[in-house]
Amino acid sequence: MQEIGVSRRADATPHAAALIEGLRDIGYSLETAISDIIDNSITAGARRIQIITETFAEEPHIAVVDDGDGMSEEELIAAMRPGSRNPLATRDEPDLGRFGLGLKSASFSQCRRLTVVSRKGGRTSTAVWDLDDVAERNEWAVQLPDDASAIPEVDKLGESGTLVLWQKLDRLTGGFTHNAAKRAEVINQRIAETERHLRLVFHRFMEDSKPLRILLNGRLLRPLDPFAQKNPATIPDPEEKLTLIRGDVEIQSFTLPHHRQMSKTDWEDIAGPEGHLKSQGFYLYRGRRLILHGTWFGLCRQSELTKLSRVRIDIPNSMDADWKIDVKKSSAQLPPIVRDRLRKVIERIQDGSKRIYRKRGQKLVDHERLPMWHRIQADGQIRYRPNTDHPAFADFAESLPPDLRRGFFNCIALVGASLPVETLHADMAGTAEQIVPDRVDEDTLVQAVQSTLTVLMGARKDIREIMALMKDVDPFRSAWEDTQRIIASTIEAKEQQ
Ligand SMILES: Nc1ncnc2c1ncn2[C@@H]1O[C@H](COP(=O)(O)OP(=O)(O)OP(=O)(O)O)[C@@H](O)[C@H]1O
Ligand SMILES: [Mg+2]
């Protein structure tokens, strides 16, 4: 850059009142704000973190209490300073911080009064940022109360640790400033929504051999592993490592179990409110703390094909600048060199899932298995057509007088031609696993089993082979127990003949 001469300078110290208000709006939500406070507790070595919410009181508050190292008064005053550390400084490996801002910006995003009480070496120190006080005095001066004993939740502090207390929760009232009951309802609802976020973001700390315990109003939160690694049906790919100048990027892909291989609660738990389709993609962890998830970083679309794929990416805090990690620790951008590698990972995942789907699809329309439907792919289009040669249709048609037979086949063709493709599309894009084949009644199932058996036995197939063929196709698959029973009694009846 060309040097230009400077002979004068003017004071441009920020106006405290204005700037501190500006700090409030950098886009935190309640969940990202609480996570930022928890980051600090983890960095301070906490093993137990309590989140306590008092929502019904006249003056509601939210508190986070940890049993970490705590701070001396000098350290506490430094910590209260916006920009307490230079973002360019190198940080220890387990340090989850970067900007020297989180404690302040996360707190002010939710409240107008932040009190921090910290205990270290038997000494308790207290500091308060009150935005109304700053507005009045317009100076960067933090309050240092003499006595902490009346501060809510201070009794929860142990031998060492820190209490972060939010009061004047103006951003959380949902407009119900004077209606305490309604206000409590709004805050409680928001807190409940936060729970899943915390279980997910900190799950790796909560799964450690000496686990981090996070308690929400006294209730211990369970970790939420988005890769369901405890489920034996989860398929992990081998881990890959990309070594770069400022650190290693570790990548591991997982294919989640099919929803039938998981309990409904677990399936819904790892799907979250957004559902599985929107939860596929990369899960980026910085120092084992989840930064963002459920995105392919624009490298491919979130499709039904890759719905069960989740890819874990681990980065160290030394790469923050390359990944453009933000103050809230909730967004990042891919460095170009990583982008190329991830593109390859995606290609591999897509190839793999295409193979699985093709295999599954084939089973359903495989000729050996006497499918009820034909899948016809031609001219860039895919059609599904009822298989009128299926013994269940053909046998019945045989029993009809010839003039009714044509009408019967017309009816079946009509069912095929009016397959509700558009609603299927819409449902597939949302919750595909909720689409299930319709149940048939006993009479219909008996007829289908008997006619299928007759044909397959006529082809001199072994009964075990017949069962294996039928087990994979509907309507038998979804009513397999009944089907087995009907097969057994049909065979018994045949043997007695
Ligand atoms: N719970 C805590 N226990 C001990 N020290 C803490 C705690 N919370 C904050 N601190 C101290 O206060 C400092 C400032 O915290 P703050 O969250 O504002 O910034 P940071 O964590 O350094 O960086 P970032 O802005 O990325 O979060 C921390 O660096 C830490 O030294
Ligand atoms: Mg921090």
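Trainee: Let's start with strands E11 and E12 (residues 289–295): do they pair in the parallel or the antiparallel sense, and over how many bridges?

Mentor: Before anything else, keep in mind that this is a predicted model. Now the general idea: strands of a sheet pair through backbone hydrogen bonds, and the pairing is either parallel or antiparallel. Here, E11 and E12 pair in the antiparallel sense, with five bridges between them. To find a spot to look at, go to tyrosine 285, which stands opposite leucine 290 in E12.

Trainee: How many residues lie between E11 and E12 in their hairpin?

Mentor: Two residues lie between them, and in that turn glycine 287 has a positive phi of about 55°.

Trainee: Which other strand is joined to E11, and how do the two run?

Mentor: That's strand E13 (residues 309–315), joined to E11 by six bridges and running parallel to it. Look for tyrosine 283 here, as it stands opposite arginine 312 in E13. E11 itself spans residues 281–286, and six of its six residues are buried, so to speak "mostly covered".

Trainee: Okay, on to the open sheet. How many strands form it, and in what order?

Mentor: Seven strands, in the order E4-E3-E5-E2-E1-E6-E7, with mixed pairing. Strands E4 (123–130) and E7 (219–220) stand at the edges with a single partner strand each, so one side of each has no neighbour in the sheet.

Trainee: What joins E3 to E4?

Mentor: Eight bridges do, and E3 (residues 113–120) and E4 run antiparallel. One pair to find on screen is valine 117 and threonine 126 in E4, which stand opposite each other. Helix H3 (residues 73–80) lies across E3 and E4, and runs at about 20° to E4.

Trainee: And E1, which strands does it pair with?

Mentor: Take E6 (residues 213–216): four bridges join it to E1, and the two run parallel. With E2 (residues 61–66), E1 pairs in the antiparallel sense over six bridges. A hairpin of six residues joins E1 to E2. Isoleucine 49 shows both pairings: it stands opposite isoleucine 214 in E6, and its bridge partner in E2 is aspartate 66. Five of the seven residues of E1 (residues 48–54) are buried, so E1 is largely enclosed by the rest of the structure.

Trainee: Now helices. How far apart are the end C-alpha atoms of H17, and what span should its residues give?

Mentor: The reasoning is to take 1.5 Å a residue and compare the expected span with the ends of the helix. For H17 (residues 480–496), the 17 residues should span 24 Å, and the end C-alpha atoms are 24 Å apart, which agrees. The buried residues of H17 are Trp480, Thr483, Ile486, Ile487, Thr490 and Ile491. They cover an arc of only 130° around the axis, which puts them on the same side of H17.

Trainee: Which residues are exposed on the other side of H17?

Mentor: Glu481 and Gln496 are exposed there. As for the buried residues, their cover includes helix H15 (442–458) and helix H16 (463–471).

Trainee: What about H2: how many of its residues are buried?

Mentor: Eleven of its 14 residues are, so H2 is largely enclosed by the rest of the structure. Among them are Leu30, Ile34, Asp36 and Ile38. The span check works here too: the 14 residues should span 20 Å, and the end C-alpha atoms of H2 are 20 Å apart, which agrees. H2 is followed by glycine 45, whose phi is positive, near 80°.

Trainee: Is aspartate 36 buried or exposed?

Mentor: Aspartate 36, found in H2 (residues 30–43), has 2% relative accessibility and counts as buried, because the cut-off for that is under 20%. Leaving aside neighbours within four places in sequence, aspartate 36 is in contact with Tyr28, Gly102, Ala106, Arg289, Val327, Lys328 and Lys329.

Trainee: Last one: how many disulfides does a search of the whole structure find?

Mentor: Zero. You can still practise reading accessibility on two cysteines. Cysteine 111 is buried, with a relative accessible area of 0%, whereas cysteine 411 is partly exposed, at 49%.

Note on methods. Residues numbered from 1 in each chain as written. Chains lettered and ligands numbered in written order. Predicted model: local features only at pLDDT ≥ 70, side-chain atom pairs only at ≥ 80, totals over all residues. Heavy atoms only, no water. Pairing = 2+ DSSP bridges. Contact = heavy atoms within 4.5 Å. Axes fitted to C-alpha atoms, helices over the stretch in contact; angles between N-to-C directions. Expected span 1.5 Å × (residues − 1). Buried < 20%, exposed > 50% of the residue type's maximum accessible area, 1.4 Å probe, protein only. Arc of directions from axis to C-beta. Disulfide = S-S within 2.5 Å.
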